[in-house]
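Colleague: I am new to this structure and would be grateful for a close look at a single part of it. Please describe that part and then place it within the chain.

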Amino acid sequence: MPMPAMQQHIYKRYLDVSDGFGTYSDGIHDDLNKHVWNVLGWDPDADLDEALEEYGKVWFGDGLAKDVAKGMRLFEANWEGPILSNTSIPETLALWEEIAPKVPDYETNWRAQMYLFRARFDANVQAEARAQQAYEEEAYTALSKANVIGVDAAIEKARVALAKADSPAAPDL
């Protein structure tokens, strides 16, 4: 999960009580975060936006560097506030859907694939959350009519509503 500002905050928070560091990863998912730590290790006052653009230049090319940097900031915004009302998630998805076809070696560029996957994943989680909220509301509405349609019928309608959660809300993602 790319979290550049959070990584910068952590780095600076503990800078005075540490004596260096070594970046470590247990996978590829934190590639950008390792880059941020390495940049800050070289220069604790480095400009984060410049560091993100540099990452974009190295792995995606000069033409996509600014979009990649923006995409990394947006990933972090995807995790701010309630998911149901997060407006960054669709913006992040749109940006990475725009970036991916412009990456010349997309089929072999695991970074490009990983970030497009992440954008789609976040959008899928948001779609599922919204859909499940709607199913729950539908179930409550059905149950509220028990005095009119009968308890058994209301329960059955509620079960049908909740069973919709067994199908993907956004299968295209």
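Modeller: Apart from its neighbours within four places in sequence, His35 is in contact with Ala51 and Tyr55. The model considered here is a predicted one. Tyr55 lies 20 residues from His35 along the chain, and the C-alpha atoms of the two are separated by 7.4 Å. His35 itself belongs to helix α2, which covers residues 31-42. With a relative accessible area of 18%, His35 falls under the 20% limit and therefore counts as buried.

Just ahead of this helix, Asp30 lies in the loop between α1 (4-14) and α2. When residues up to four places away in sequence are not counted, Asp30 touches Tyr24 and Ser25. Asp30 is buried but has no salt bridge. The nearest side chain of opposite charge is that of Lys34, at 4.5 Å, whereas a salt bridge requires a side-chain nitrogen within 4 Å of a carboxyl oxygen.

Elsewhere in the chain, such pairs do form, and the count comes to 8 salt bridges. One of them joins Glu91 to Lys70, with the closest N and O atoms 3.7 Å apart. Glu91 lies in helix α5 (residues 88-99) and Lys70 in helix α4 (residues 65-77), so this pair ties together parts that are 21 residues apart in sequence. Glu91 is partly exposed, at a relative accessible area of 38%, and Lys70 is partly exposed as well, at 42%.

Helix α5 also takes part in a salt bridge between the side chains of Glu97 and Arg120, at 2.8 Å from N to O. Here Glu97 in helix α5 is linked with Arg120 in helix α6 (residues 110-144), a distance of 23 residues along the chain. Glu97 is partly exposed, with 32% relative accessibility, and Arg120 is partly exposed with 31%.

Within helix α6, Asp122 forms a salt bridge with Arg118, the closest N and O atoms being 2.6 Å apart. These two residues stand 4 apart in the helix, which means that about one helical turn separates them. Both Asp122 and Arg118 are buried.

As for the setting of these details, the protein chain contains 8 helices and 0 strands. Buried residues account for 36% of its 173 residues. The radius of gyration of the chain is 22 Å, while a compact globule of 173 residues would have one near 16 Å. Its C-alpha atoms fill a box of roughly 70 × 40 × 25 Å along the principal axes.

Key: Residues numbered from 1 in each chain as written. Predicted model: local features only at pLDDT ≥ 70, side-chain atom pairs only at ≥ 80, totals over all residues. Heavy atoms only, no water. Buried < 20%, exposed > 50% of the residue type's maximum accessible area, 1.4 Å probe, protein only. Contact = heavy atoms within 4.5 Å. Lys, Arg positive; Asp, Glu negative; His and termini not counted. Rg over C-alpha atoms; globule rule 2.2 N^0.38 Å.
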